[in-house]
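Trainee: I have a structure open and would like to learn how to read it. Could you take me through it?

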Amino acid sequence: MKSLRNSTGKNKQQTLRRDEARRAKASEDLLKQRLQGLEAELGRARSEGKAIYAEMSRQQWALQEKMETQSKQLEEETKILREQLETCQKEAEAAREEAEQALKEQDQVLAQLRAHVEDMEAKYEEIIHVSTTPRSQLPRTQHSSVPTPSASMMIDNPRERKSIATGALLFPEDN
């Protein structure tokens, strides 16, 4: 009996050991599977991280290129606008100088015209004075230079029409 007990005890121990070995093996397999799953997940995360890093690097490079391009375009546009402004300022200055010169010329022309008008008024006054003075009172030199009356030398007046040369009424009004 002792040997039976020993053999039954040994069997139980062997069974227990086998059960423990199976459980350990199952646990080991589960841990290996879990480890493989975590390694795969870690690999995917690393791969995603690398892909994200690569995409962000690409986007940063593209953005930097775009900013450099825009900066160059803005610098060129600024240069062109400065040149246009300079040209416009020169044209405005030239136009201002031209306008000032034109005003000076107009002032000179007006002064000449005023002088001419004053001269004509003086001559007209002289003609009126000579034409209203009787011929007998005119000095000999003036008398000979007095033109004979013509249609262009008549004074239009609503009250009377006189000859510029003689001052005599041509058509006296009936009062």
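Trainee: In what order do the elements of the protein chain run from the N terminus on?

Mentor: Keep in mind that this is a predicted model. From the N terminus, the order is α-α-β-β, with two helices and two strands in the protein chain. Helix α1 covers residues 2–132, and we will come back to it for the side-chain pairs.

Trainee: What is the mean pLDDT of the protein chain?

Mentor: Start with confidence, which the predictor gives for each residue on a scale from 0 to 100. Here the mean pLDDT is 81, and 74% of the residues reach 70 or more. Two stretches deserve caution. Residues 148–159 have pLDDT below 50, with 20 contacts in the model beyond near neighbours in sequence. Residues 161–165 are also below 50, and that stretch has 31 such contacts.

Trainee: What percentage of the residues of the protein chain count as buried?

Mentor: A residue is called buried when its relative accessible area is under 20%. By that cut-off, 5% of the 175 residues count as buried. The protein chain exposes about 15800 Å², and carbon and sulfur atoms supply 55% of that area. As for contacts with a separation of 6 or more, 24% come from residues 24 or more positions apart.

Trainee: Now the charged side chains. How many salt bridges does the count come to?

Mentor: Here is the general idea: side chains of opposite charge can pair when their charged atoms come close. The cut-off to apply is 4 Å, between a side-chain nitrogen of Lys or Arg and a carboxyl oxygen of Asp or Glu. By this rule the count comes to eight salt bridges.

Trainee: Let me try one. With which residue does E55 form a salt bridge?

Mentor: Its partner is R58, and the closest N and O atoms are 2.6 Å apart. Look at the spacing too: E55 and R58 are three residues apart in helix α1, so about one helical turn separates them. For the surroundings, E55 is partly exposed at a relative accessible area of 32%, and R58 is partly exposed as well, at 46%.

Trainee: And how far apart are the closest N and O atoms of E86 and K90?

Mentor: They are 3.3 Å apart, and the pair forms a salt bridge. Both residues lie in helix α1, four residues apart, which is about one turn of the helix. E86 has 43% relative accessibility, so it counts as partly exposed. K90 reaches 56% and therefore counts as exposed, the cut-off for that label being over 50%.

Trainee: Which residues are joined into one network by salt bridges that share partners?

Mentor: Begin with a single link: R96 bridges to E93, with the closest N and O atoms 2.3 Å apart. R96 and E93 are three residues apart in helix α1, so they are separated by about one helical turn. R96, at 38% relative accessibility, is partly exposed, and E93 is partly exposed at 33%. Salt bridges that share partners then join E93, R96 and E100 into one network.

Trainee: One last feature. Which residues make the nonpolar surface patch of about 250 Å²?

Mentor: When you look for such a patch, take residues with over 30% relative accessible area and no salt bridge, and join nonpolar side chains within 5 Å. In this model, V109, L110 and L113 make the patch. L110 sits in helix α1 and is partly exposed, with a relative accessible area of 39%, so L110 passes the 30% cut-off.

Note on methods. Residues numbered from 1 in each chain as written. Predicted model: local features only at pLDDT ≥ 70, side-chain atom pairs only at ≥ 80, totals over all residues. Heavy atoms only, no water. Patch = residues over 30% accessible without salt bridge, like charges linked within 9 Å, V, L, I, M, F, W, Y side chains within 5 Å. Areas by Shrake-Rupley, 256 points an atom, 1.4 Å probe, with all protein chains shown as cover. Buried < 20%, exposed > 50% of the residue type's maximum accessible area, 1.4 Å probe, protein only. Contact = heavy atoms within 4.5 Å.
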